[in-house]
Amino acid sequence: MNVSLNVWLLTVVALCALVAVDFLIGRKPHDVSVKEAGTWTVVWIVLAGLFGVGLFVFGGGRPTGEFFAGYVTEKSLSVDNLFVFVLIMGKFAVPSQYQQRVLMVGVVMALVLRAVFIAAGAAIISAFSWVFYLFGAFLIWTAWKLVEDARKGGHEEEYEENKLLKAVERRFGVADRYHGTKLWIEQNGKRVMTPMLVVMLAIGSTDVLFALDSIPAIYGLTEDPYIVFTANAFALMGLRQLYFLIGGLLKKLVHLSYGLSIILGFIGVKLVLHALHESGVHVPEIGIPFSLGFIVLVLAVTTVTSLRAAKRQEAAAGAGGTREAAGEAGNPVA
């Protein structure tokens, strides 16, 4: 797509306005209900769909297909990121009424950081076509790591603060408790961070790691920076509400990592084939319609098999508890 500077500016202003509205609605600390989270999740999905329709009207079918393929991929990767967000919230014991504020600021930080990554990726791709080989190899390696982590139960591990976050805590100090939504307070005559600021930095810095696989993944579906940016923006901007909507269901998505590994591996192969094609090698290229269909199919199968597996686990746990109770009843303690 040939996107003018005015369209870029209009898009950024519109997205900033949506973020501002979302922030104003959730500015008062409160526990987010399932109804509220569900309503806003639908709103964000509808807005993404309307944007896709606008792309179809003004850009045609190919940009629209690339946008939806990128949006679905980024959305599915963001769901996997929620596992880590849950660990971070638990690590820092964030009060439930403040969690939405933490996620809101974290999403804004993620948007800014990803904009930088997207711009860097576009510059690198335009200068070095062979970078697609690196992106493809990295995604295939990431897919394999996801499988290994899934086998080890990676999502059950405790969150560990990164070195940068620990250095910031040592430099500025951290208050011993939360002080509402305040980020800095005076304590013993010294200005220190509150745990609220620390957890926001944890969310934001963690998203840098998430971007390392999500940005190459979407560049495997489209080389248009405008589509890459908007697909990422719409996928992230509904993340806060999605956290509260499916937070209780995350543990049931036991096969999600396997599904994501298949998707990342598929996009990695697609990137390598594209790089070979650009190098003059006659190899088949994977089209956007097939890519979108494959991604949706993998996510659908993964969701169904995950829910079935979780149901079997719950049934087995319930049967085990019943047998244990029966054994205790038949063997009373003297």
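**Close-up views of pockets, cavities and salt bridges**

**Figure 1. The second largest pocket and its lining.** The second largest pocket is lined by 18 residues, and those nearest its centre are Ser-76, Val-79, Ile-246, Leu-253 and Thr-303. The model shown here, and in every view below, is predicted. The second largest pocket holds about 460 Å³ of space. Which helices supply at least two residues each to this lining? They are α2 (34-59), α3 (61-91), α9 (239-246) and α11 (288-330). Sorted by class, the lining has eleven nonpolar residues, five polar residues and two charged residues.

**Figure 2. The protein chain as a whole.** This view sets the scene for the others. The protein chain has 334 residues, and 44% of them count as buried. How many helices and strands make up its secondary structure? There are eleven helices and two strands. Read from the N terminus, the order is α-α-α-α-α-α-β-β-α-α-α-α-α. Trace the chain in that order: six helices come before the two strands, and five helices follow them.

**Figure 3. The largest cavity.** The count comes to three cavities of 30 Å³ or more. The largest cavity has a volume of about 60 Å³. Its lining includes Glu-74, Leu-77, Ser-78 and Asn-81. Arg-114, Phe-210, Asp-213 and Ser-214 also line the largest cavity, as do Asn-232, Ala-235 and Leu-236. Two or more of these residues come from each of α3, α7 (195-219) and α8 (225-237). Which helix gives the most to the lining? It is α3, with four residues. The lining is mixed by class: four nonpolar, four polar and three charged residues.

**Figure 4. A salt bridge at the wall of the largest cavity.** Stay with the largest cavity and look at two of its lining residues, Glu-74 and Arg-114. Glu-74 and Arg-114 form a salt bridge, with the closest N and O atoms 3.3 Å apart. Where in the chain do the two partners lie? Glu-74 is in helix α3 and Arg-114 is in helix α4, 40 residues apart, and the pair links distant parts of the chain. Are Glu-74 and Arg-114 buried or exposed? Both are buried.

**Figure 5. The second largest cavity.** The second largest cavity has a volume of about 40 Å³. Phe-85, Leu-103, Gly-106, Val-107 and Ala-110 are part of its lining. Ile-203, Asp-207, Leu-236 and Leu-239 are also in the lining of the second largest cavity. Leu-236 is worth finding in both cavity views, for it lines the largest cavity and the second largest cavity. Helices α4 and α7 each supply at least two residues of the lining. The most come from α4, with four residues. By class, seven lining residues are nonpolar, one is polar and one is charged.

**Figure 6. A salt bridge within helix α3.** The structure holds three salt bridges. One of them joins the side chains of Glu-66 and Arg-62, at 3.2 Å from N to O. Why are Glu-66 and Arg-62 separated by about one helical turn? They are four residues apart in helix α3, so about one helical turn lies between them. The partners have opposite settings. Glu-66 has a relative accessible area of 9% and is therefore buried, since the limit is under 20%. Arg-62 has a relative accessible area of 59% and is therefore exposed, since exposed means over 50%.

**Figure 7. A salt bridge within helix α5.** The side chains of Glu-148 and Lys-145 meet in a salt bridge, at 3.8 Å from N to O. The two residues are three residues apart in helix α5, so about one helical turn separates them. How much relative accessible area does each partner have? Glu-148 has 25% and is partly exposed. Lys-145 has 31% and is also partly exposed.

**Figure 8. A nonpolar patch on the surface.** Which residues make this nonpolar surface patch? Ile-124, Phe-128, Trp-130, Tyr-133 and Leu-134 do, over about 480 Å². Pick out Phe-128, which lies in the loop between α4 (99-127) and α5 (131-152). Phe-128 is partly exposed, with a relative accessible area of 40%.

Conventions. Residues are numbered from 1 along each chain as its sequence is written. This is a predicted model: local features need pLDDT of at least 70, side-chain atom pairs count only at pLDDT 80 or more; totals for chains, interfaces and linings use all residues. Side-chain values use heavy atoms; hydrogens and water are left out. Patches are made of residues with over 30% relative accessible area and no salt bridge: like charges are joined within 9 Å, nonpolar side chains (Val, Leu, Ile, Met, Phe, Trp, Tyr) within 5 Å. Accessible areas come from the Shrake-Rupley method with a 1.4 Å probe; for residues, only the protein chains shown count as cover. A salt bridge is a side-chain nitrogen of Lys or Arg within 4 Å of a carboxyl oxygen of Asp or Glu. Buried means under 20% relative accessible area, exposed over 50%, partly exposed in between (1.4 Å probe, protein chains only). On a 1 Å grid over the protein atoms alone, a cavity is a set of points where a 1.4 Å probe fits but cannot get out, and a pocket is an open set with protein on both sides within 12 Å along at least five of seven lines; lining residues have an atom within 4 Å of a point. Grid points are joined across faces, edges and corners, and a volume is the space filled by probe spheres set on the points. Ala, Val, Leu, Ile, Met, Phe, Trp, Tyr, Cys and Pro count as nonpolar, Asp, Glu, Lys and Arg as charged, and the others, Gly among them, as polar.
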